[in-house]
Amino acid sequence: MTAQVITHQAFEDPDQRLVRQAANGDMAAFSQLFERHHRKVYGLVWRLAGDSETAHDLTQEVFIKLWDALGSFRGESKFSTWLHTVASRVAISELRKQKRWRQNITLTDDGSYADGITQSASADLGELDRLIQRLPEQMRWVFVLHCIEGLRHDEVASELGIAVGTSKAHVHRARTLLEEWLSDE
Amino acid sequence: MSNSTAKQRLDQLIQEAASGASTPAPERDLWRGIEHSLARRQRRSGKWLNWVWASAACLVLAVGGVTFMGMHEPAATATGTPPAKALLAYLNAQHEQQREFVLTHYQTAGWNGESDFVAAEVEQIRASIQEVSAQLLEEPDNQALWQLLQWLYNKELELLESQFVVNDKLQQV
């Protein structure tokens, strides 16, 4: 009982009021939530997608789906944490749909796979973001979710529908490739 | 760069990315597209359209009723007696209710669709509604006038909605 009270007192979500208003159909409140969080969502989906055009579309898709899902947010975690879960799920689901019809994956010389996405101009990107664009798709997803977003291997595995061992192997291989590419620069 | 230096550099880059220090930023305004899409879906969901359909059905019934009364009580209806007057008052009140519903539906959702052009058009339509209503008191069994009133009601609701659509498209541009 005491622990429960302490937990509730310690957990204050700065977005709580806006989420409640937006869930009741208040578009102005939803717009404020968008302002607060869209850059972080864009960063996540950009890294998952590997190109800016897809990331723009996916960010919009995430917020459109979020509007529908707000009513199901129970406040058991912080809104920003929940939003990140929604964003990664929507992004991965949409990217998988796109991949099914794209089907133009080719094997490159270094044994990795490069897909047919038109990659963004890399001039404005950070060093890491330029390099992770070169990672194969699933390896990039695992690397982003585990190393940058901080999900545990079992969470990544559950999110992507892969084995925990596969998640670990992807991270190991991604790090090796990225270190090699950094050494070459 | 040696292997250990590359490893350290990678760890540093990951830490920067995780802290949000070097996150890619969107290159265009994404909110307008989201707002437009949600507005379109809400319109399509057509909660308020149910009201319009309900009102059209009521009007048809009402016109039928007036015609029926006109056939059975020609002396009373010919001079614009209480049944037609009461019916007009009821229809106008119902239309006002729908009008308020359309406006509040968008305004509570955060859209401000003020448009001078539409406001002027709506003003004309409302003046026409008053004229037709006055004329119906004189000719309560005139079917064409009842139909014109129904058309004017619908036209005003369409115009009210269109100002939000037009405004939204202009914002997009």
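Start in chain A of this predicted model. Select helix α8 (residues 153-160) and helix α9 (residues 164-184) of chain A. They pack at an angle of about 105 degrees, and their axes are 8 Å apart. Angles of 65 to 115 degrees count as roughly perpendicular, so α8(A) and α9(A) are roughly perpendicular to each other.

Now show the side chains where these two helices meet. On α8(A), pick His153(A), Asp154(A), Val156(A) and Ala157(A). Their partners on α9(A) are Val164(A), Ser167(A) and Lys168(A). By class, this contact has three nonpolar, two polar and two charged residues.

Keep α9(A) selected and add α7(A). This pair packs at an angle of about 95 degrees, with axes 9 Å apart. That makes α7(A) roughly perpendicular to α9(A). From α7(A), the contact takes Gln138(A), Met139(A), Val142(A), Phe143(A), His146(A) and Cys147(A). From α9(A), it takes Ser167(A), His170(A), Val171(A), Arg173(A) and Ala174(A). The classes here are six nonpolar, four polar and one charged. Pause on Ser167(A): this residue of α9(A) meets α8(A) and also takes part in the contact with α7(A).

Next, go to α3 of chain A, residues 27-49. Where is the kink in α3(A) centred? Select His37(A): the kink is centred there and is about 55 degrees. Then check the end-to-end span. A straight helix of 23 residues would span 33 Å at 1.5 Å a residue. Between its end C-alpha atoms, α3(A) spans only 28 Å. Step past the helix to Gly50(A), which follows α3(A). The phi of Gly50(A) is positive, near 85 degrees.

Turn on chain B. In this interface, 32 residues of chain A are in contact with 28 residues of chain B. On the chain A side, the elements that give two or more residues are α3 (27-49), α4 (52-69), α6 (127-132), α7 (137-148) and α9. Which of them gives the most? It is α3(A), with 10 residues. Colour the chain A side by class and you get 14 nonpolar, 11 polar and seven charged residues.

Finish at Pro26(B). Find this residue in the loop between α1 (3-19) and α2 (31-45) of chain B. Is Pro26(B) buried or partly exposed? Buried takes 20 or more other C-beta atoms within 10 Å; Pro26(B) has 19, so it is partly exposed. Leaving out residues up to four places away in sequence, Pro26(B) touches Tyr42(A), His56(A) and Thr59(A).

How values were computed: Residues are numbered from 1 along each chain as its sequence is written. Chains are lettered from A and ligands numbered from 1 in the order in which they are written. This is a predicted model: local features need pLDDT of at least 70, side-chain atom pairs count only at pLDDT 80 or more; totals for chains, interfaces and linings use all residues. Axes are lines fitted to C-alpha atoms, for helices over the stretch in contact, and angles run from 0 to 180 degrees between N-to-C directions. Helices (H or I, at least four residues) and strands (E, at least two) are DSSP runs, numbered from the N terminus. Angles under 35 degrees count as roughly parallel, over 145 as roughly antiparallel, 65 to 115 as roughly perpendicular and the rest as oblique. Two residues are in contact if their C-beta atoms, placed from the backbone, lie within 7 Å. Ala, Val, Leu, Ile, Met, Phe, Trp, Tyr, Cys and Pro count as nonpolar, Asp, Glu, Lys and Arg as charged, and the others, Gly among them, as polar. The expected span of a helix is 1.5 Å times one less than its number of residues. The bend at a residue is the angle between axes fitted to the seven residues ending there and the seven starting there. A residue is buried if 20 or more other C-beta atoms lie within 10 Å of its own, exposed if 12 or fewer, and partly exposed in between; C-beta atoms are placed from the backbone.
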